Amino acid sequence: MTRSSDNTNYFKGYFNLPPGIADVGSYQVSGLPFINRGTVAANAGGDTTISFPSVTKSLTIINKDAANDDIRVHFGSTANDAITNGNYITLDSKNSSLTINVKCKEVFLSTPSGGGAADYEMFAELTGIDT
């Protein structure tokens, strides 16, 4: 955390605050690495939630499923109608990937009805901003 050597009332406390969501510097520097891999269960109306320890700067998700099962990437759970309303992006074959610069504290992965379980790998750049 940055501290100012200027102790006048004008600056007092200004530099003692932790970075917030609009802190430009947190997005200009390289992010802290966050790597995750796993399997999205065959769709039973649910999803796999990946929660981050801090706000992301960017996110890359790779479909690593040998059977080419689809993976849906969304920012709301299936219980919040993300799938019903079409608010997702589909990774439809092995090694298809999605890279986006996005501020988020969690991401949801699911498979379509009738699809099998699907393997994924994920890399995120994290800021120093608390979720």
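These questions and answers deal with the sheet and nonpolar core of a predicted model.

Residues are numbered from 1 along each chain as its sequence is written. In this predicted model local features need pLDDT of at least 70 and side-chain atom pairs pLDDT 80 or more, while totals for chains, interfaces and linings use all residues, and side-chain values use heavy atoms, without hydrogens and water.

Trainee: What is the strand order in the open sheet of four strands?
Mentor: Strands here are DSSP runs of E, at least two residues, numbered from the N terminus. Two of them pair if DSSP finds at least two bridges between them. The pairing is antiparallel, and the order is β1-β8-β3-β6.

Trainee: Why is one side of β1 and of β6 left without a neighbour in the sheet?
Mentor: β1 and β6 (97-100) stand at the edges. One side of each is open because each has a single partner strand.

Trainee: How many bridges join β1 and β8?
Mentor: F34 stands opposite A124 in β8. N36 has M122 as its bridge partner there. The two strands pair in the antiparallel sense, and the bridges number nine.

Trainee: Which strand gives the most to the largest nonpolar core?
Mentor: Such a core is a set of buried (under 20% relative accessible area, 1.4 Å probe, protein chains only) Ala, Val, Leu, Ile, Met, Phe, Trp, Tyr and Cys residues joined through side-chain atoms within 4.5 Å. This one has 19 residues, and M122 is among those that touch the most other members. β1, β3, β4, β7 and β8 each supply at least two. With five residues, the top contributor is β8.

Trainee: Which residues form the uncovered face of β8?
Mentor: The covered face holds A118, Y120, M122, A124 and L126. The uncovered one is D119, E121, F123 and E125.

Technical notes
Buried means under 20% relative accessible area, exposed over 50%, partly exposed in between (1.4 Å probe, protein chains only).
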